[in-house]
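Work through the exercises below with the structure open beside you. Try each task before reading its solution.

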Amino acid sequence: MALSGMRGLSVFISDIRNCHNKEQERLRVDKELGNIRTRFKNEKGLSPYEKKKYVWKMLYIYMLGYDVDFGHMETVSLISAPKYPEKQVGYIVTSCLLNENNDFLRMVINTVRNDIIGRNETYQCLALTMVGNIGGKEFSESLAPDVQKLLISSSCRPVVRKKAALCLLRLYRKNPDVVNIDGWSDRMAQLLDERDLGVLTSVMSLFVSLVSNNAEAYWNCLPKCVRILERMARNQDIPQEYTYYGIPSPWLQVLQRILMGTDVVKNVNKNNASHAVLFEALALVMHLDAEKEMMSQCVALLGKFIAVREPNIRYLGLENMSRMLLVTDVQDIIKRHQAQIITSLKDPDISIRRRALDLLYGMCDVTNAKEIVEELLQYLNTAEFAMREELSLKAAILAEKFAPDLSWYVDVILQLIDKAGDFVSDDIWYRVVQFVTNNEDLQPYAAAKAREYLDKPALHETMVKVSAYLLGEYGHLLARRPGCSPKELFAIINDKLPTVSYESYIDVEIQQRAVEYFELSRKGAALADVLAEMPKFPERESALLKKAEDAEVDTAEQSAIKLRSQQQTSSAIVVADQPPVNGSVPASNHLTLVKMPSQNITEESNVTYEEPPVEIPKENGAPVEVESKVENIPETNIESKVEPPAAHPASQADLLADLLGPLAIEGPPAAVEQNPVQGLETNQSPVGDLALATLEDQSNSVQIGLKAEWRAHHGRLVLFLGNKNTAPLLSVQALILPPSHLKTELSSVPDTVPPRAQVQIPLEVVNLRASRDVAVLDFSYTFGTSLVNVKLRLPVVLNKFLQPITLSPEEFFPQWKALNVQNLKVQEVVKGVKPLPLPEIASLFMSLHLAVAPGLDNNLNNLVACTTFFSETTRAMLCLVRIETDPQDRTQLRLTVASGDQYLTFELKEYIKEHLIDIPRVQAASPPVPVQPQLPPAAVPATYNDPGAMLAGLL
Amino acid sequence: MADTRETFQQIRFILLQNRQGKTRLAKYYVPLEDSEKHKVEYEVHRLVVNRDPKFTNFVEFRTHKVIYRRYAGLFFSMCVDITDNELAYLECIHLFVEILDHFFSNVCELDLVFNFHKVYLILDEFILAGELQETSKRAIIERMGELEKLE
């Protein structure tokens, strides 16, 4: 047994191994984590070796399944260490602990880049490996050219180049634009000449990915691929170390799945590696849609496979037969193996049973439906729960699609209900009722069958329903049979009734029926009509088949076959259950227009952004109407008139900031019809305290407004939902999807909003901690036949919980010094800043609720601001901000943020950064009119392209 | 045709777990949150641990499939795409085990426990970005020798 080489680590692992139970283990882990945490806090005494040891320990603890929620910084910072051992640990543990979305990764992009372009080969390898394993989009943008250079460099060793190839593949997956097709097809062709098989293997993965995206661009590489294959498969010209159990690099052959065009040797070797190649060859045959002769040879081969005992081969035989069914007409040949396939349906291995079920489903037609469906029903008796739903759905579909006669169909469905009633949806039994009603011959048979089932002691609810219906309508056809008098029928159904759940409250239900029967009894002669038999149903498309079509997508996870046929793609594991495909949402629903009129319209300017930005604004400050319908805003916009102007100090500082008044967004209906393609457009007023939102769905129009009051970490909001139509909104639902840092409580929302009415829904918000995430309002309703659903971001953003505070130098400097602790005070050089004069930055800060404190910093290019942040966890916490600008280069500045909480520091820093960088292009759109100096650029968001973003932008 | 960029060949994650479900190595090539990783590890373990040795080495997992192989008390599992070549990955696992065996000369679970950091290093030489990087045992063992000298 070899030890780790780090004594402390080995001791810790031994300790963990010696724990007798989970509880002891947890205690030991907690103790270690506490120790590491203290050591990291006081970093001075920490040697590089110790740091390295602690970071490995953290990874070990993390692998054991414990949360390690600190130390990420320390781990990431090891990447920048000067020596190899620490750097190595930094890189490896970072790629295990963090994922590509982690913000800490951004901090090391530069270090990583320096390692990649530097001279040290070992560092290059470490950097390429980490980026290849967890690099995200940002890495993609900044590193791709450097990685490409390494890949084609003639001076790099293979060990670097193969890593560069796969690293580039990762970057390409994150952002396909990083590989420029024009330049790369020739490069790829050269790379395929590579003699080192390690590099060639890696290059081939990259190549396959590029080709699958754009095959035409890489035609020039085809001859080379064929040559590589020939070299390996025919000439066996390959270094000994790359043969695997005598087969020349099977993986490289498998990789060439698209191009594999040479002879298929159908010699069944017992070896998996050669089988792997063989199945690729089969895939190729299918892909090429080869002639029938070849196909039947393949099926014959697969037929042998599904009869062998080796489970993997049997599985693959079944799977590949299913695949073949999708591409060619080999049903008849496959049918010869039906008995064998049915045997596999009884295999103890669920993987094999699933493949067999898929295959049986795929090969079923009128000639074998009876046999196959009956097998499925048989299997239903023993199938485990996980497969029952799929099984019963498939049986029902096959029975309906291929039923040789209708009585058989009725039999099958009744058996299905009996065996797996929970999985038989209402659609299925409705369909039975329709068939029976429309076919007189079937009626006595169906009624008799229903009567038989009622004799069983325990019945599924669905069975009671379908029997009651059938006997209710056709019971009289059985009148002469024993046990079938009306009275007996009634008694037996009545017996079963308690097992049926009522869909609504029973008393009301009974009252309702009582009233209905009473009314019926007074109809006199018309009563005969009411009690007559049901007329025939009009021919309709089978709801079941329709559902199955939808379900093709929904149940994809159950059926590998479907996935294959759809070439379903995904880069990540689908972690949650797949949500059902929502087929009913009309595509035309979107928030079409956002306009923000305000009552102090005379003293403001309107800037409109449209795709080609239009010259807009006005000298006199009167709003410019880009849309001719703006005039109908004032009349619909009742709230604007009740809003006291005093609530809106015209100070520019408040422009972004406060939403003391209701918020709403408005778009006149006509605009949509005239400009259906113009998805979104803003018409923005700087004093954006009031606006209206209208959701347009062709004919209906709904207003959503918002009013908010903030106090410390509490917010009290009122949502207004206004229905401007002459018809009611039904099934109204409003949900708040709160990010984890907010606690929200929305009062109940009425199900219906009457015509021309407005409802107000109070919403309470509590801020738990600092975060830039935004709460989303998920609002839906039915209007007429259409379901409308929109998601809007709520203006509950970080600065709502900030309160500007003015500090004197005596108060400020001790605080500033006291926060000189890693993570509590964070400094960053921000690039790409919109160049602004310092006073404008100051007013931007004011609008973010950061109080600028003049005189604290003697340097005129610097600016210091203070604010108090409120949340439940931090309570009132002082935040200090300093920026240092460079008069030579206004596009960059140094930002320092300090507070008593590291998360708050980080979030606030990012929040400020967003505003410094993401300052919209006011200058571009507004003319240099000096009349409007109070217009703070940050007040006007750029053209966002989603409605939610826009709402947030208003704030 | 659908965008197939992501469908080709990518390994989503690799797990090395013992029969009790203790994770000895976990490498994710797709971004997952911690809680989700722990859930995946728990589910995959449950999925493979009770399967009869006579069963196939493939089992469906959510919308993917897991190719696994058991060596003594250790399960090596790879999560790959539904359309991927099962046998190729099955042998990939075996090659990895051969490399470990060579490196530790007669590998046992304890080697992997106490030298988990080495196992990560070897894996990084073998698979990168969810793709095979090097299939020569010799090349990898030599590379590990180079790296050990640097420490």
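Helices, with at least four residues, and strands, with at least two, are DSSP runs numbered from the N terminus. The model used here is predicted.

**Exercise 1. Find where A:Asn823 lies and decide whether it is buried, partly exposed or exposed.**

Solution.
1. A:Asn823 is in the loop of chain A that connects helix 35 (809-818) with strand 16 (825-830).
2. A residue is buried with 20 or more other C-beta atoms within 10 Å of its own, exposed with 12 or fewer, and partly exposed in between.
3. A:Asn823 has 13 C-beta neighbours inside 10 Å, so it counts as partly exposed.
4. Now look at the backbone: phi of A:Asn823 is near 80 degrees, a positive value in a residue other than glycine.
5. Most residues other than glycine have a negative phi.

**Exercise 2. Do the same for B:Ala129: what is its phi, and is it buried or exposed?**

Solution.
1. The loop that holds B:Ala129 runs between strand 6 (127-128) and strand 7 (131-132) of chain B.
2. Phi of B:Ala129 is near 55 degrees, again a positive value in a residue other than glycine.
3. B:Ala129 has 30 C-beta neighbours inside 10 Å and therefore counts as buried.

**Exercise 3. Describe chain B by its elements and its contacts.**

Solution.
1. Chain B contains five helices and seven strands.
2. Read from the N terminus, their order is β-β-α-β-β-β-α-α-α-β-β-α.
3. Chain B has 151 residues, of which 54% count as buried.
4. Take the contacts in chain B between residues at least 6 apart in sequence: 46% of them join residues at least 24 apart.

**Exercise 4. In the open sheet of chain A with the order 10-13-14, which strands stand at the edges?**

Solution.
1. This sheet has three strands, and the pairing is antiparallel.
2. Strand 10 (730-737) and strand 14 (786-793) of chain A each have a single partner strand, so they stand at the edges and one side of each has no neighbour in the sheet.
3. From one strand to the next, the twist averages 10 degrees.
4. Strand 10 of chain A is joined to strand 13 (residues 776-783) of chain A by six bridges.
5. In this part of the sheet, A:Ala734 stands opposite A:Phe779 of strand 13 of chain A.

**Exercise 5. Compare the span of helix 12 of chain A with the expected one, and say why the helix is largely enclosed.**

Solution.
1. Helix 12 (residues 197-213) of chain A has 17 residues.
2. From its first C-alpha to its last, helix 12 of chain A reaches 24 Å, close to the 24 Å expected at 1.5 Å a residue.
3. Because 16 of the 17 residues of helix 12 of chain A are buried, the helix is largely enclosed by the rest of the structure.

Conventions: Residues numbered from 1 in each chain as written. Chains lettered and ligands numbered in written order. Predicted model: local features only at pLDDT ≥ 70, side-chain atom pairs only at ≥ 80, totals over all residues. Expected span 1.5 Å × (residues − 1). Contact = placed C-beta atoms within 7 Å. Pairing = 2+ DSSP bridges. Axes fitted to C-alpha atoms, helices over the stretch in contact; angles between N-to-C directions.
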